[in-house]
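Colleague: Please take a close look at a single part of this model and set it in its surroundings.

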Amino acid sequence: MTVDASAPPRRAVVPQPRGTIARQGSVFLSRHSRLRLSLLLSAPLFWLGLVYIAALAALLITALWTVDSFTGQISQTWTVDNIVAVLTGSLYQTVTLRTVGVALLVTIIDIVIALPIAFYMAKVASPRAQRLLVIAILMPLWASYLVKAYAWRSVLSQGGIFEWMMSPFGGHSPGYGLPATIITLSYLWLPYVILPIYAGLERVPDSLLEASADLGGGTWSTLRLVVLPMIWPAIIAGSIFSFSLSLGDYITVNIVGGANQMLGNLVYTNVGAANNLPLAAAIALIPILIIFAYLAAVRRTGALNNL
Amino acid sequence: MRLSRPARGLLAAITAVVLALIYLPLLVVFVNSFSTSKNLTWPPPGFTLEWWAKAFQSEGALEAVLTSLQVALAATAVALVLGTLISLGLQRFEFFGRDAISLLVILPIALPGIVTGIALNNAFRTGLDVQLSILTLIIAHATFCIVTVFNNVIARLRRLGTSLEDASSDLGAGIWTTFRLVTFPQLRSALFAGGLLAFALSFDEIIVTTFTAGSSVKTLPLWILDNLFRPNQAPVVNVIAVVLVLVSIIPIYFAQRIAGAEKVVR
């Protein structure tokens with residue numbers, strides 16, 4: 001570009017911003033950052049606080065009321081009977097233990113399956129294969145939850161495909177029961193565990209792995225000392241999904257669980273057939289407390305930023 | 001760490017086996033949608049297109065799909081707005097109680113659906129004295145969809161930093177202009193990914209839906225639950241599931257392409 005020295009120096013013309021209302025608002029807001037923050041947060045907090053927290057609080061209060069056994073109406077007399085019943089009833093203890101056991105097993109199975117796949121996707125597969133694999137993991141999420149649970153009912157049924165495939169090896173279908181529930185729930189939540197772990201592994205730079213190798217780290221020690229600490233929050237994030245989704249499930253256990261009950265079933269029957277909302281609310285306190293304890297325990301890992 | 005060839009092969013094999021396991025039940029669904037057996041015996045005694053024809057004529061199913069689309073679109077729209085607002089607030093400002101708010105966003109998805117369901121049901125009916133309808137359903141869905149948008153957007157904001165926004169305001173752009181021309185274009189793919197997850201979450205939700213939908217509102221999962229155990233309807237349900245999976249390829253493919261293109265640019 002040549003510059004013509006005789007031409008008058010060109011002045012950049014900066015248009016004076018017009019004093020529209022939008023402009024004034026913009027100026028005012030950029031000077032008042034607290035106001036900006038409260039405008040940003042007011043709508044979502046109004047929604048979450050009013051819709052959700054108020055509803056939860058109301059539910060907890062309901063747990064302290066009773067149902068009039070004659071009219072079936074909720075009577076607002078304060079009592080801790082429901083909570084005592086839930087805490088001391090052997091049915092509730094058994095079902096709680098069973099539910100937590102199922103949720104823990106599902107979570108462990110999912111993490112064990114998800115780790116190698118996520119690692120392959122993030123660190124071994126070519127970019128093209130990587131993209132196809134993510135699609136392959138995401139796609140089953142769109143087949144209805146119910147249809148998938150029912151498909152497992154069909155797979156595990158007597159004379160179903162599982163027995164059909166296993167019979168040459170002398171295997172049996174586990175039939176309907178807790179093992180079937182665990183298999184089905186692990187299946188349903190697996191993509192929710194793979195995706196955060198995959199995202200976590202993608203954030204581990206390859207150069208770190210190479211540095212570890214250069215410094216003499218073997219495969220296992222690199223995985224244990226470099227990779228695992230970095231993806232730990234992502235693993236916890238995945239576990240929150242599988243754990244909490246399993247903890248509240250009552251439909252899968254109805255479809256493949258035989259006669260077994262989980263906490264969700266107890267809540268469901270007390271809301272519906274038994275028409276005892278206070279007792280249902282008291283039972284619902286159990287998963288609420290468990291999840292709160294879990295979230296409190298994992299908060300320091302930074303997992304909540306990895307969901 | 002350099003993986004040996006056998007180690008890579010082993011990882012590939014595990015991935016292949018698990019993918020096969022993931023698709024096995026879906027394959028069963030696919031095959032059963034052509035099966036002449038009404039109660040899904042295996043192997044199928046014969047094949048027919050009857051269920052496919054029936055599915056596309058089933059008014060209940062089509063209506064349910066439309067209802068689910070409406071609910072999922074509305075809930076996603078609300079979640080996109082609220083999720084973006086809250087992530088801007090939490091990422092761009094330091095203040096007391098920030099952790100509590102991010103916990104608050106996560107809570108509706110971390111607590112089991114049945115807790116959310118009965119809490120909202122109780123609040124709507126006895127607390128606010130409103131009739132359950134499609135509106136209460138949308139409110140409930142939006143509540144637990146916020147988190148997917150929030151997570152995607154806040155992760156993006158964290159990575160972007162503020163330098164481009166600062167440059168924009170140094171050059172004289174007001175906050176609206178900066179958001180419209182600088183922040184929003186950079187958030188677009190995160191919004192798409194978060195919105196897609198929110199949509200999928202709402203479209204397939206059954207537990208919260210059971211408790212917050214009015215009796216006249218039939219979403220697709222509710223319709224499926226009604227029909228799954230009816231012998232003449234189960235194969236039709238399978239057809240719908242197959243169609244959903246096939247149709248879902250389109251948005252997932254686009255989401256991946258947008259994400260992939262951005263990775264190259266950076």
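Modeller: The account below follows one helix, its partners and the chain that carries it.

Residues are numbered from 1 along each chain as its sequence is written, while chains are lettered from A and ligands numbered from 1 in the order in which they are written. The model is predicted: local features need pLDDT of at least 70, side-chain atom pairs count only at pLDDT 80 or more, and totals for chains, interfaces and linings use all residues.

The part in question is helix H2 of chain A, residues 33–62; helices (H or I, at least four residues) and strands (E, at least two) are DSSP runs, numbered from the N terminus. Its 30 residues should span 44 Å at 1.5 Å a residue, and this agrees with the 40 Å between its end C-alpha atoms; the expected span is 1.5 Å times one less than the number of residues. H2(A) bends by about 40° at A:Ser42, with the proline A:Pro44 following within four residues. A bend is the angle between axes fitted to the seven residues ending at a position and the seven starting there.

Among the buried residues of H2(A) are A:Leu41, A:Pro44, A:Trp47, A:Tyr52 and A:Thr62. Buried means that 20 or more other C-beta atoms, placed from the backbone, lie within 10 Å of the residue's own. The buried residues pack against H13 (277–298) of chain A and, in chain B, against H3 (59–92), H4 (98–110), H5 (113–127) and H6 (134–160).

Of these partners, H6(B) is mostly covered, with 22 of its 27 residues buried. H6(B) also has a kink of about 35°, centred on B:Phe144, and B:Gly161, just after the helix, takes a positive phi of about 70°.

Across the interface, 79 residues of chain A are in contact with 74 of chain B, contact meaning C-beta atoms, placed from the backbone, within 7 Å. H2(A) gives the most to the side of chain A that touches chain B, with 15 residues.

Chain A as a whole has 13 helices and two strands. Of its 307 residues, 42% count as buried. The C-alpha atoms of chain A fill a box of roughly 100 × 60 × 35 Å along the principal axes. Its mean pLDDT, the predictor's confidence in each residue from 0 to 100, is 83, and 90% of its residues reach 70 or more.

How values were computed: Two residues are in contact if their C-beta atoms, placed from the backbone, lie within 7 Å. A residue is buried if 20 or more other C-beta atoms lie within 10 Å of its own, exposed if 12 or fewer, and partly exposed in between; C-beta atoms are placed from the backbone.
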